Amino acid sequence: GITRPAELWISGSGPETERLRAAFPETNRLHWLGVLSDEEVADRLAGAALLCAPSLGGESFGMVLLEAMASGCAVVASDIPGYREAAAGHATLVRPGDPGALRDAIDRVLAETAPETALGASPEAAGRGRAEGARRHAAEWSTDRLAERYVDAYRRAIARHSSGTKSAAWPAPRERHSPAGPAGARKGPGWRRRHSIVAGDDRSD
């Protein structure tokens, strides 16, 4: 198991939920949250140190990873195409379905984000630097930033049309995956950002 002290919040529901809840009953370190509203998800992310997204596949784009980054969470996730594209190097990705690799990655990231080492040097300082880089990356997907890019693209298209210039079709902005953008970082109602982990549900889709 995970060697560092941590609380695990598991959100969502799937076909294996009841079996897993019976096999792993709730404790003071393990909490089954069920299906959360968007606001509840934002509150939990604001209080967590790490988001774990161990999906096995079927994710077209990892918006939840960007939401976690915008909230200041470190991210450990499966190395699947949708998550890889969203993370853009700002998350720790592991082979899907490899619990050992997932455990080791969580332990390593928790060590980097540990409050008791917040004033330390590398690797903790490096971890904080990565968190700031991830936050800036997520900000590029905010609603305002995406709107700016779409407006700019439309203005360029209109200018070309007005001038009568014939050119190859310009590509739509790369942000087509999510016009809404990630949720902004918000402080939750007292959730402690102390080695808390938010995990996705047990679904593989």
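This report describes the fold of one protein chain and then turns to a few of its strands, helices and single residues.

**Overall layout**

The model is a predicted one, and its protein chain has seven helices and six strands. Read from the N terminus on, these elements of the protein chain follow the order β-α-β-α-β-α-β-α-β-α-α-α-β. Of the 205 residues of the protein chain, 38% count as buried. When contacts in the protein chain are taken between residues at least 6 apart in sequence, 67% of them join residues at least 24 apart.

**Strands E1 and E2**

Strand E1, residues 7-11, and strand E2, residues 30-34, run parallel and are joined by four bridges. Serine 11 has glycine 34 in E2 as its bridge partner. Between the two strands the chain passes through helix H1, residues 17-23, and this β-α-β crossover from E1 to E2 is right-handed.

Tryptophan 9 has a charged neighbour, since arginine 44 lies over the face of the tryptophan 9 ring, at 4.5 Å from the ring centre. Pairs of aromatic rings, on the other hand, number zero in the structure.

**Strands E3 and E4**

Strand E3, residues 50-53, is covered on both faces, with Leu50 and Cys52 buried on one side and Leu51 and Ala53 buried on the other. Four bridges join E3 to strand E4, residues 74-78, and the two strands run parallel. Within this pairing, cysteine 52 stands opposite valine 76 in E4. The path of the chain from E3 to E4 leads through helix H3, residues 63-70, and this β-α-β crossover is right-handed.

Helix H3 is itself mostly covered, as six of its eight residues are buried. The buried residues in H3 are Met63, Leu65, Leu66, Ala68, Met69 and Ala70. In an α-helix there are 3.6 residues a turn, so residues three or four places apart point the same way. Just after H3 comes glycine 72, which takes a positive phi of about 90 degrees.

**Accessibility of four residues**

The table sets out the relative accessibility of two cysteines, a tyrosine and an alanine, together with the class that each value gives.

| Residue | Relative accessibility | Class |
|---|---|---|
| Cysteine 52 | 4% | buried |
| Cysteine 73 | 4% | buried |
| Tyrosine 83 | 3% | buried |
| Alanine 88 | 42% | partly exposed |

Cysteine 52 counts as buried because its relative accessibility of 4% is under the 20% limit. As for links between cysteines, the count of disulfides in the model comes to zero.

**Helix H4 and the loop after it**

Tyrosine 83 is placed in helix H4, residues 81-87, and is buried at a relative accessible area of 3%. Leaving aside residues up to four places away in sequence, tyrosine 83 touches Ala53, Ser55, Glu59, Gly62, Val64, Leu65, Ala77 and Ser78. Among these contacts, Ala53 is also one of the buried residues of E3, and Leu65 is one of the buried residues of H3. Phenylalanine 61 stands 22 residues from tyrosine 83 in sequence, while their C-alpha atoms are 6.0 Å apart in space.

Alanine 88 lies in the loop between H4 and strand E5, residues 92-94. Although alanine 88 is not a glycine, it has a positive phi of about 50 degrees. Alanine 88 counts as partly exposed because its relative accessibility of 42% falls between the limits of 20% and 50%.

Methods. Residues are numbered from 1 along each chain as its sequence is written. This is a predicted model: local features need pLDDT of at least 70, side-chain atom pairs count only at pLDDT 80 or more; totals for chains, interfaces and linings use all residues. Side-chain values use heavy atoms; hydrogens and water are left out. A disulfide is a pair of cysteine sulfur atoms within 2.5 Å. Buried means under 20% relative accessible area, exposed over 50%, partly exposed in between (1.4 Å probe, protein chains only). Two strands pair if DSSP finds at least two bridges between them. A crossover is right-handed if, with the strands pointing away from the viewer, the path from the first strand over the helix to the second runs clockwise. Rings of Phe, Tyr and Trp (its six-membered ring) pair if their centres lie within 6.5 Å; planes under 30 degrees apart count as stacked, over 60 as edge-to-face and the rest as tilted. A charge sits over a ring if NZ of Lys or CZ of Arg is within 6 Å of the ring centre and within 35 degrees of the ring normal. Contact means heavy atoms within 4.5 Å.
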